[in-house]
Amino acid sequence: MVAVGLCAGALAAALTAPAQAQGAAQGTGRAPHWELKDSGTDVRFRGLSAVSRNTAWLAGSAGTVLRTGDGGATWRNVSPPGAQDLQFRDIEAFDARRAVVLAIGEGEASRVFRTDDGGATWTESFRNTDARAFYDCLTFFDSRHGLAMSDPVDGRFRILSTSDGGRSWKVLPDAGMPEAQAGEAGFAAGGQCLVSSGPRDVWLATGGAARARVLHSADRGLTWTATDTPIPAGDPARGVFALAFRDRTHGLAVGGDYRPEQASPRGAARTSDGGRTWTPAAQPPPAYRSGVTWLPYSRTSALAVGPTGTDLTSDGGRTWRTLDTGSYDTVDCAPDLGCWASGEQGRVARLER
C-alpha cells in the first residue's frame, strides 16, 4: 500500500506539473497521457470497469462486452449470446472473471446479466417487465451488495437491489424516495449516474428538470435526501451526468448540455459534506463531461472526460484544465493506478506514465 501510494503521488505530481515541465517530459516519453488501444470494433463503449492496469471490461452498443487481461494489447469478445439488440451502458467487474452488466431501455430492454467465468457464459438475472421503467446505471458496495436505478415510475426513482452479487434482484419500496420533478431522469451516458462509496452510501445524479439534483442514501437505497446542484438544468439535455466519491464526504459532479452545439457553463461542482451542499467549480471544464473519477490514493486529483476531451483537477474540483482533446464517454481507475477511458467508435485508452 505504501509503494502504491508513493506511485499515486508521483502520477498526480506528473499530471499536475506545469505545462513546460510536461512538455519536457513528453519529449522523453515520461508525461502521463492516454495511449489508445485497438479494441477491434467500432461500437460505442459507455460502460467501463477498470480492474487493474492489465484487466478491464468494456460494455457498449449492439450488446457488446469486451475484456482484456494484457493491458489492452488484445481484447476478447465475451458478449452474452443473443444480446445484439441490447444497449449496454454500465458494467461493474469484481475481478477478471466476475462481472455484472446492465442493458438500458424501456420495458424489457432493461436487463442485467452476470458472469462468473470471464464472460464464457452469462446468466440473465433481471429483465424489467414494467413498461414505465427505464434503468440507467448500477453500482456495487462490495462483491455482494449492489443497486440499479430506473427513471421515475409513479413519480419516484425506482431502485433495484441485490444482496448476492447480482444473481437475483428485487425492487425496493419507494416510501423513502423523494418525489421526482417534472421531466427529471438519470442519464445513461457513462455508467456513473449511480455511484457508491463504502458499505452503505450511494448517490444518484439527475437532470432534465428545472433543477439538476443529487440524491443521497446512507442505508443502501432505502431512504434518500435530494439536494440541488449549481449545474444548469431546465432542459431534457442538461443536468448532472456523472458522479465520483473518494469517500463518503468528498464528491465531484460533472455534466452540462450533451448537445454538441450547446455551451455547458458551470458544468462541474464539488461537495465535502456527502452531497448535502454543492459548490460550483471556479474554473470548470470547457464543455460537457459525461465521466469522472478520482485518481487512486489522491485527496485532490481527478479526471473528467467527454466528447471533446479530458480534464484534470489537482485541487479537489475547484479548477479544471484540459489534458487531452480525444473523445471519451467514461473513465475509471483501479487501485493499482490502472486508469482507463472509453467512448465512441470503439475508442479505449489506458493512462500511461
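This is a short walk through one predicted protein model, from its core to its disulfides, a sheet, a pocket and one loop residue.

Okay, let's start inside. The largest nonpolar core is made of 28 residues. The ones with the most contacts inside that core are Met149, Ile159, Leu194, Leu204, Trp224 and Leu243. Which strands feed it? At least two core residues each come from β11 (146-153), β12 (156-162), β14 (194-197), β15 (201-205), β16 (213-217) and β18 (238-245). β15 gives the largest share, with four residues.

If you want one residue to click on, take leucine 194. Ignoring anything up to four places away in sequence, leucine 194 touches Cys137, Leu138, Thr139, Leu147, Ala148, Met149, Val202, Trp203, Leu204 and Trp224.

Cys137 on that list brings me to the disulfides. How many are there in the whole structure? A search finds two. In one, cysteine 137 is joined to cysteine 193, S to S 2.0 Å. That pair ties together distant parts of the chain, 56 residues apart: cysteine 137 sits in strand β10 (residues 134-140), and cysteine 193 in the loop between β13 (170-171) and β14. The torsion about its S-S bond is about 115°, so this disulfide is right-handed. And are these two cysteines buried or exposed? Cysteine 137 is buried, at 0% relative accessible area, and cysteine 193 is buried at 0% too.

The other disulfide joins cysteine 333 to cysteine 339, again with S to S 2.0 Å. Here the S-S torsion is about 110°, so this one is right-handed as well. Cysteine 339 has a relative accessible area of 0% and is buried. Cysteine 333 comes out at 13%; with buried meaning under 20%, cysteine 333 therefore counts as buried. Number the bonded cysteines in sequence order and the pairing reads 1-2, 3-4.

Next, a sheet. Four strands make an open sheet, ordered β18-β19-β20-β21, and the pairing is antiparallel. Why do β18 and β21 (279-280) count as the edges? Each has a single partner strand, so one side of each has no neighbour in the sheet. You've already met β18, which supplies at least two residues of the core. Its pairing with strand β19 (residues 251-257) runs over seven bridges. One place to look there is arginine 238, which stands opposite aspartate 257 in β19.

Now the pocket, for anyone thinking about grids. The largest pocket has a volume of about 1000 Å³. It is lined by 39 residues, and the closest to its centre are Glu92, Ser196, Thr293, Asp332 and Cys333. So there's our disulfide cysteine 333 again, bonded to cysteine 339. Several elements give two or more residues to the lining: β2 (47-50), β6 (87-93), β10, β14, β18, β22 (291-294) and β26 (330-333). Two of those names, β14 and β18, also came up for the core.

Last stop, alanine 233. You'll find alanine 233 in the loop between β17 (225-228) and β18. Its relative accessible area is 12%, and as buried means under 20%, alanine 233 is buried. What does it touch, leaving aside neighbours within four places in sequence? The contacts are Ala209, Ala210, Arg211, Ala212 and Arg238. Take Ala212 from that list: alanine 233 and alanine 212 are 21 residues apart in sequence, and their C-alpha atoms are 5.3 Å apart in space. And Arg238 is the arginine opposite aspartate 257.

That's my tour; over to you.

Conventions: Residues are numbered from 1 along each chain as its sequence is written. This is a predicted model: local features need pLDDT of at least 70, side-chain atom pairs count only at pLDDT 80 or more; totals for chains, interfaces and linings use all residues. Side-chain values use heavy atoms; hydrogens and water are left out. A nonpolar core is a set of buried Ala, Val, Leu, Ile, Met, Phe, Trp, Tyr and Cys residues joined through side-chain atoms within 4.5 Å. Buried means under 20% relative accessible area, exposed over 50%, partly exposed in between (1.4 Å probe, protein chains only). Contact means heavy atoms within 4.5 Å. A disulfide is a pair of cysteine sulfur atoms within 2.5 Å. Two strands pair if DSSP finds at least two bridges between them. On a 1 Å grid over the protein atoms alone, a cavity is a set of points where a 1.4 Å probe fits but cannot get out, and a pocket is an open set with protein on both sides within 12 Å along at least five of seven lines; lining residues have an atom within 4 Å of a point. Grid points are joined across faces, edges and corners, and a volume is the space filled by probe spheres set on the points.
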